[in-house]
Amino acid sequence: MSKYFFIGGINEGNTPRGGAEAKNQFLLKKLQSIYLDEIDYVDMTSSTQSPIIRYLKLIKGIIKHQHIILSVASTALEKLAFLNFYLKRKNLTIFIIGGVVDQKLINPKMLELFENANLVYAETKALTKSIKSISEKIPAKHLPNFKKLVEFKYSKKTNKDKIINFVFLSRIHRDKGIFRAIETVKMLNTAIDKIRFKLDIYGPIDLSYEDKTQFDELIKSSDINYKGYLDLSIPESFTKLSSYHFFIFLTTHPGEGFPGVLIDALHSGTLIIASDWKYNKEIVPCSNLLVDLEGDYQKEIMNYIEKIISMKTNDFEELIDSQKKQAKAYDINTINFELA
């Protein structure tokens, strides 16, 4: 009988539809490589099994196994907390996904789940500290988000190019900053002479009817292009990502934790322009730009762009190299963790 039971949204056999599925695909493969046939699992976002089948497999797995691994978002954790009667008797490891789980601990059942766990991994130091401040009984440890860093052929770019390319790579939602990204690129094209700024957009569309109508109108511009999905499990996609000068991520998403796309940006050698939101300051290197969205953030971005394009080419190339080196801290092949 397998020793460990993994519970998480995997979308097995398919490309991940978001950060949670991406993380769980990497995590499950890592666990399988370490523990071989000792890992059993239930794919909570399976496209081939009905919800009833998944639920029955979930209950059976929890009852059958002594070692349980949870890697789900906080809303799913709240639902699983109703199974505390079984889970409190198990060796429980929790991998937190997202950045609002500390706010959910006001729920007594959720707090009980975390206090009865043997290990709780939080993606940022700030979240780890916040969880510990709520209850000293919670065995919280810091474990940053991670990716499998694939080898790829780098697309050389310079800060002296006449076309400066931006990329937006995330779920396309107002809270994720898609409209701020578009407005920023439009502003740069009117404010800075002799350089053309373009924005390519990748990700699943998650917009209200009104926002989708606005989005469709905006991407009619020759400088704004929706490119669909970028499969970052293959080297060619990183080659494409590395061709962009700037990765723009002006999020205000309430549940933001440690976005995996920031690792992708670092690994590809793409400079990050992000909002000073949630835990971004802990993740984004100081050579990049964090902006306060309540201030004149477009002016801040323009000043940063002008600073970058006025740098010596060698200095720019060194900056890109430092980006790629910093990504190695988040390589799943070098990150170590244990299970309860």
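Which residues does I7 touch, not counting residues up to four places away in sequence? I started my notebook there, keeping in mind that this is a predicted model.

**Entry 1: around I7.** I listed the contacts of I7 and found V42, M44, L58, I62, I68, I69, L70, S71, V72 and L80, with residues up to four places away in sequence left out. I then looked for the partner of I7 across the strands, and I7 stands opposite V42 in β2.

**Entry 2: the sheet.** Next I checked how β1 and β2 are joined: they run parallel, with five bridges between them. Both belong to an open sheet of six strands, and I wrote down its order as β2-β1-β3-β4-β5-β6, paired in parallel. At the edges I found β2 and β6 (140–142); each has a single partner strand, so one side of each is left without a neighbour in the sheet. I also looked up the twist: on average, neighbouring strands of this sheet are turned by 20° against each other, direction ignored.

**Entry 3: helix α2.** L58 and I62 were among the contacts of I7, and both turn up again in α2, where R54, L58, G61 and I62 are buried. Do these residues line one face? Let me put that better: within what arc do the buried residues of α2 fall, seen down its axis? The arc is 95°, so they line one face of the helix. The face turned away from that buried side carries the exposed residues I52, L56 and K60. As for what covers the buried residues of α2, I noted β1 (4–8), β2 (39–43), β3 (67–71), α3 (74–80) and α4 (84–87) among the elements.

I ran a length check on α2 too. Its 14 residues (51–64) should span 20 Å at 1.5 Å a residue, and the end C-alpha atoms are 20 Å apart, which agrees.

**Entry 4: the cores.** I went on to the largest nonpolar core, which has 54 residues. I7 is back here: along with L77, I94, I96, F114, I131 and F247, I7 is one of those with the most contacts inside this core. Helix α11 (residues 260–268) gives the largest share of this core, five residues. There is also a second, separate core of 38 residues, and I spotted I182, M187, L218 and L319 in it.

**Entry 5: N280.** Is N280 buried or exposed? N280 is buried, at a relative accessible area of 0%. I placed N280 in helix α12 (residues 280–283). Leaving out residues up to four places away in sequence, I found N280 touching F249, T251, P259, L262, A274, S275 and L290.

How values were computed
Residues are numbered from 1 along each chain as its sequence is written. This is a predicted model: local features need pLDDT of at least 70, side-chain atom pairs count only at pLDDT 80 or more; totals for chains, interfaces and linings use all residues. Side-chain values use heavy atoms; hydrogens and water are left out. Helices (H or I, at least four residues) and strands (E, at least two) are DSSP runs, numbered from the N terminus. Buried means under 20% relative accessible area, exposed over 50%, partly exposed in between (1.4 Å probe, protein chains only). Contact means heavy atoms within 4.5 Å. The expected span of a helix is 1.5 Å times one less than its number of residues. The arc is that of the directions from the helix axis to the C-beta atoms. A nonpolar core is a set of buried Ala, Val, Leu, Ile, Met, Phe, Trp, Tyr and Cys residues joined through side-chain atoms within 4.5 Å. Two strands pair if DSSP finds at least two bridges between them. Axes are lines fitted to C-alpha atoms, for helices over the stretch in contact, and angles run from 0 to 180 degrees between N-to-C directions.
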